[in-house]
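Thanks for having me this morning. Please take a look at the model on the screen, and then I will talk you through a metal site and a helix contact.

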Amino acid sequence: MTTTETDRPAVEPPTPDAFDVASVVQDHRVHGSVYTSPEIFQRELDTIFRTGWVYVAHESEIAESGDYLTRRIGSEPVVVVHSKDGQIRVLLNRCSHRANRLCNADAGNANSFRCPYHGWTFSNDGSLTAVPMRDGYGTEFQKVRSQLGMAEAPRVDSYGGFVFASLAPEGISLAEHLGGAAKAIDRVLDLSPTGKIELRAGWMKHLHHANWKMVVENNVDGYHALFTHASVYDAIRPAKVSHIPAKVDVVVRDIGSGHSEIDYSAEYRKLDEEFVWYGRIPRAKLPDYVAALEDRHGPEKAHDALVVGPSHTLIWPNLFLAEMNVMYVEPIAPDETVAYTTAVLVPGQDKLNQRTLRRSEGAMGPAGFLIADDGEIGMRNQAGLAAHDPEWLELSRGVETDVIDETGVVNSDKSAETPQRGFYRQWASVVGQEIRA
Ligand code: FES
Ligand SMILES: [Fe+2]
């Protein structure tokens, strides 16, 4: 459905200035301006967030007909809705009369959305259903009225319950976009006896005084933990595995297309111990969960899933599978980002879920250990950029030891900056493209 195709003449947008991406991203370094420049930030919104696939919601959040969420794709407010025809739609959250934001709650259930300004009403499939005092409009308006529904993201697709949308009518499919990163979603789903997860615990919302890329880059940075999170490791002993990169079989991986991860699976398989990733809880403490997982997978595969645990993977550009948490980020300004975090819940496994919630609060909650450290360090990173010398940030760690295999570019030193190099390779190819009208 489109709302703008009328007989009225189209207005040509100004031609964007050419942007020389090589002036800010070079082989193993990025220029400080990628984190601070309002022009580059706008360009990211126009390219990364207006042309590619962006994570918007999880199906479990809008399981019932009429359920909706308000989210953003880059700077554009959207309503993600389970429409009455059963389809999940991503509608632009703007009234087609005079642009008022239609839907103002974070989430809810509604058959229709009524504009608070003059009362125009839209069905939850986006179509315009009521215009108060419509006789005041002329005959020309009546001709175009049927075209005045809410605009809709032209492409919406999901994988493993994760819903992505693209504001561009054409482009690669979601499957092509995800590529090898789909396996990271599978790895989380493998931990569920039903093959499904739920993100229904509510979202913790953190305002980071840092560029959005700092927040996501940090998620796959295997170098900082020993320093930024020193207090965590002082408090929690033993750690799940050693944080000294040389002592563990933990790899970092540039999966391609901007996706990247820290992969503990080889180390965990070497230990062959279940739940190392989950506080080393003995399986006897979660007998119903383990039995249900064995019912699904058989004992061998269930054991492997419990050994290997969930993924630690960044899905370009805005989704982070943070083991038993999920995070997505919204860029607000060059130096402002909101990160939303929630716990991964396994349907029907209340005991496990209670434990996961407590762990999630401990790591990601307002008084939690990890995200508070990362938020503070991100803010200081942004503050440091106010000093303009040196102009560039170094990302060359591990460049000589990167190995290419069928899973991507892999480095067996967890502290290598391989994920960040992959991120900026993708960034350069997307941000450097011509801006779509
Ligand atoms: S702006 Fe929505 S009804 Fe006027
Ligand atoms: Fe961190």
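Donors, as I use the word, are N, O and S atoms within 2.8 Å of the metal (3.2 Å for Na, K and Ca), and since water is not among the atoms, sites may look incomplete. In sequence, the donor residues of the iron ion (ligand 2) follow the spacing H-x4-H-x144-D. What you see is a predicted model, where local features need pLDDT of at least 70 and side-chain atom pairs count only at pLDDT 80 or more, while totals for chains, interfaces and linings use all residues. Residues are numbered from 1 along each chain as its sequence is written, ligands are numbered from 1 in the order in which they are written, and side-chain values use heavy atoms, with hydrogens and water left out.

Which residues coordinate the iron ion (ligand 2)? They are His-224 and His-229, each through NE2, and Asp-374, listed twice through OD, at 2.1 to 2.4 Å. His-229 lies in the loop between helix 8 (225–228) and helix 9 (230–235), whereas Asp-374, 145 residues apart from it, sits in helix 14 (residues 370–384); helices here are DSSP runs of H or I with at least four residues, numbered from the N terminus. His-229 counts as buried because its relative accessibility is 3%, and Asp-374 is buried too, at 16%, where buried means under 20% relative accessible area with a 1.4 Å probe, protein chains only.

Turning to the helix contact, helix 7 (residues 212–219) and helix 15 (residues 418–431) pack with their axes 10 Å apart, at an angle of about 140°, the axes being lines fitted to C-alpha atoms over the stretch in contact, with angles from 0 to 180 degrees between N-to-C directions.

How values were computed. Helix = DSSP H or I, 4+ residues; strand = E, 2+ residues; numbered from the N terminus. Buried < 20%, exposed > 50% of the residue type's maximum accessible area, 1.4 Å probe, protein only.
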